[in-house]
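Trainee: I am new to reading protein models, and I would love a slow, close look at one part of this one. Could you pick a region and walk me through who sits beside whom?

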Amino acid sequence: MAIASAVVLPAPAYHGPFTYAAPAVAKYAAPVYPAVAKVAAPVVAKVAVPEPYDPNPQYSFSYDIHDGSTGDVKSQHETRNGDVVEGAYSLVEPDGTRRVVQYTADPVHGFNAVVQREPLAVKVAAPVAKVLAPAPVLAKPVFPAFPAVAKVPAFPAYAYHH
């Protein structure tokens with residue numbers, strides 16, 4: 001719990017072209033509150049449960065994409081047996097060649113990849129952009145013609161001097 005109090009102090013008199021004396025302001029004492037005992041919330045300990053350790057992790061996955069609308073062609077497969085990972089992926093480059101990457105990774109040799117580029121027998125068609133037909137020209141304009149210059153009321157020029 002926090003307790004705060006504030007007091008308004010009178011401003012000093014301003015001695016300029018006009019004289020103004022600040023009125024007296026009454027001072028009030030802050031109210032006194034009884035002491036409040038602080039009680040700590042119970043602490044709940046969170047125990048971290050370790051993930052189950054697999055000494056010989058194994059997995060295998062693959063995918064193959066041939067998207068005719070975008071021209072995207074790619075694939076990948078990968079297998080893991082313990083600390084050894086083997087896999088390959090391929091994709092068709094914009095210039096029509098196919099990039100194939102074969103890779104392996106293990107604790108003894110680290111990560112190794114062999115990259116090859118192959119020409120494709122059939123060129124992949126580039127995606128076709130959809131083009132909208134131009135809007136028809138109407139004989140009569142839809143909106144009424146507006147004047148090129150808007151009428152703005154004239155204001156007298158005022159000179160400002162310090």
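Mentor: Here is a walk through one sheet, the loop that joins two of its strands, and the side chains around them. Please keep in mind as we go that this is a predicted model.

Let's begin with the sheet. It is open and has 5 strands in the order 3-4-5-6-7, with antiparallel pairing. Its edge strands are strand 3 (58-67) and strand 7 (110-119), each of which pairs on one side only. From one strand to the next, the twist averages 10°. A word of background may help here: strands of a sheet pair through backbone hydrogen bonds, and they can do so either parallel or antiparallel.

Now let's zoom in on strand 5 and strand 6. These two pair in the antiparallel sense over 8 bridges. To find your place on screen, look for valine 85, which stands opposite alanine 105 in strand 6.

Next, find serine 90, which lies in strand 5. Is serine 90 buried or exposed? Serine 90 counts as buried because its relative accessibility is 8%, and the cut-off for buried is under 20%. Leaving aside residues up to four places away in sequence, serine 90 touches Val73, Lys74 and Ser75, and also Arg98, Arg99 and Val100. Remember Arg99, as we will come back to that residue in the loop.

The rings come next. There are 3 aromatic pairs in the count. One of them is formed by tyrosine 89 and tyrosine 103, and this pair is tilted, with 6.4 Å from centre to centre and 50° between the planes. Tyrosine 89 belongs to strand 5 (residues 84-92) and tyrosine 103 to strand 6 (residues 97-106), so the pair links distant parts of the chain, 14 residues apart. The two rings are not equally covered: tyrosine 89 counts as partly exposed at 29% relative accessibility, while tyrosine 103 is buried, with a relative accessible area of 8%. Phe111 joins in too, as Tyr89, Tyr103 and Phe111 form one aromatic cluster.

Now follow the chain out of strand 5 and into the loop. Glutamate 93 is found there, between strand 5 and strand 6. At 17% relative accessibility, glutamate 93 counts as buried. Which residues does glutamate 93 touch, not counting residues up to four places away in sequence? With that limit, glutamate 93 touches Arg99 and Arg117.

The contact with arginine 99 deserves a closer look. The side chains of glutamate 93 and arginine 99 are joined by a polar contact of 2.7 Å. The two residues also form a salt bridge, in which the closest N and O atoms are 2.7 Å apart. On the arginine side, the relative accessible area is 27%, and arginine 99 is partly exposed.

The other neighbour, arginine 117, has a partner of its own. Its side chain meets that of aspartate 95 in a salt bridge of 2.9 Å, N to O. Why does this bridge tie together separate parts of the chain? Arginine 117 lies in strand 7, whereas aspartate 95 is in the loop between strand 5 and strand 6, so the pair connects parts that are 22 residues apart in sequence. Arginine 117 counts as exposed at 53% relative accessibility, and aspartate 95 as partly exposed at 46%.

A search of the whole structure finds 5 salt bridges. Among them is one between aspartate 83 and arginine 80, whose closest N and O atoms are 3.9 Å apart. Here aspartate 83 is exposed, with a relative accessible area of 51%, and arginine 80 counts as partly exposed at 26% relative accessibility.

Our last stop is leucine 120, in the segment after strand 7. Leucine 120 counts as partly exposed, with 30% relative accessibility. Its contacts, again without residues up to four places away in sequence, are Val92, Gly96 and Arg98. Try checking valine 92 on your screen: the C-alpha atoms of leucine 120 and valine 92 are separated by 8.6 Å, although the two residues are 28 residues apart along the chain.

To put the picture together, strand 5 and strand 6 pair in the antiparallel sense, tyrosine 89 and tyrosine 103 form a tilted aromatic pair, and in the loop glutamate 93 forms a salt bridge with arginine 99.

Conventions
Residues are numbered from 1 along each chain as its sequence is written. This is a predicted model: local features need pLDDT of at least 70, side-chain atom pairs count only at pLDDT 80 or more; totals for chains, interfaces and linings use all residues. Side-chain values use heavy atoms; hydrogens and water are left out. Rings of Phe, Tyr and Trp (its six-membered ring) pair if their centres lie within 6.5 Å; planes under 30 degrees apart count as stacked, over 60 as edge-to-face and the rest as tilted. Helices (H or I, at least four residues) and strands (E, at least two) are DSSP runs, numbered from the N terminus. Buried means under 20% relative accessible area, exposed over 50%, partly exposed in between (1.4 Å probe, protein chains only). A polar contact is a pair of N or O atoms within 3.5 Å; within protein, one must be able to donate a hydrogen and the other to accept it, and residues adjacent in sequence count only if both atoms are side-chain atoms. Contact means heavy atoms within 4.5 Å. Two strands pair if DSSP finds at least two bridges between them. Axes are lines fitted to C-alpha atoms, for helices over the stretch in contact, and angles run from 0 to 180 degrees between N-to-C directions. A salt bridge is a side-chain nitrogen of Lys or Arg within 4 Å of a carboxyl oxygen of Asp or Glu.
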